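Please look over the model shown here before reading on. The text after it goes through confidence, strands and core.

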Amino acid sequence: MKKSILYFFLFFTITTYSQKILTVKNAIVLFEASVPFFEPVAAKNEVVQVALNTKKGYISFEIPMKKFQFERSLMEEHFNDNYLETKRYPTATFKGLIEKFDLQVIFKTAKFFLIKGEITIHGKSKNITVAANLKKTKEGITLLSDFQLYTDDYDIEIPFLISNKISKTVNVTVNAFFLTKSTELSTLAISTKP
């Protein structure tokens, strides 16, 4: 009986620690919703949290919406107060799965993957599929993705008076760098399962 219990705990420990969770607290998300001939509508957020389960390929993002920085403070104010209502919806999230993810096939040359999951912005959720490139460096793994979102999908209302100055198609760029070291599962603040 004691041997059975010992084997169970040994198996549980090996299983738990064989699933590496890599985390990032400073991933970058950029977005642009500019229209030609008008002032650029673009912002950058450098405090995005990401968790990646390197065994299963689960990936999760938590984006503090108030941390998007614009060139003009008035544009930032409108973004927070009127469009994204960041007091009511302080974070956007993405939980998904990197299809056919395998650490063994990621090298110095970028490899293409599809990521499928659910994104929640402004209290509205939508299933999306985005392309991403992953590559290995001396220190870790870099993930880079460019994709588009549509304001109407997330009930983001753009006032009629300025609707010709802001695109409803938003170009998004994500850049995350994971140091290749393990993190204890209990220290994660965000979910690693879709």
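The paragraphs below start with how far the model can be trusted and end with its interior.

This is a predicted model, in which local features need pLDDT of at least 70 and side-chain atom pairs count only at pLDDT 80 or more, while totals for chains, interfaces and linings use all residues. Residues are numbered from 1 along each chain as its sequence is written, and side-chain values use heavy atoms, with hydrogens and water left out.

The pLDDT, the predictor's confidence in each residue from 0 to 100, averages 86 over the protein chain, and 83% of the residues score at least 70. Residues 2-18 have pLDDT below 50, and this stretch has two contacts in the model beyond near neighbours in sequence; a contact means heavy atoms within 4.5 Å. Residues 182-189 also stay under 50, with twelve contacts beyond four places in sequence.

Strands are DSSP runs of E, at least two residues, numbered from the N terminus, and two of them pair if DSSP finds at least two bridges between them. Strand β4 covers residues 91-98. Seven bridges link β4 with the antiparallel strand β3, residues 58-64, and one partnership there is Pro64 with Thr91. Six bridges link β4 with β5, residues 111-121, also antiparallel; here Ile98 stands opposite Ile115.

In a regular strand the side chains alternate between the two faces of the sheet. In β4, Ala92, Phe94, Gly96 and Ile98 form the covered face, and Thr91, Thr93, Lys95 and Leu97 the uncovered one.

The largest nonpolar core has 47 residues. Such a core is a set of buried (under 20% relative accessible area, 1.4 Å probe, protein chains only) Ala, Val, Leu, Ile, Met, Phe, Trp, Tyr and Cys residues joined through side-chain atoms within 4.5 Å. Val50, Ile59, Phe68, Leu143 and Phe178 have the most contacts inside it. Not counting residues up to four places away in sequence, Phe178 touches, among others, Leu22, Val24, Leu52 and Ile141.

Terms used: Buried means under 20% relative accessible area, exposed over 50%, partly exposed in between (1.4 Å probe, protein chains only). Helices (H or I, at least four residues) and strands (E, at least two) are DSSP runs, numbered from the N terminus.
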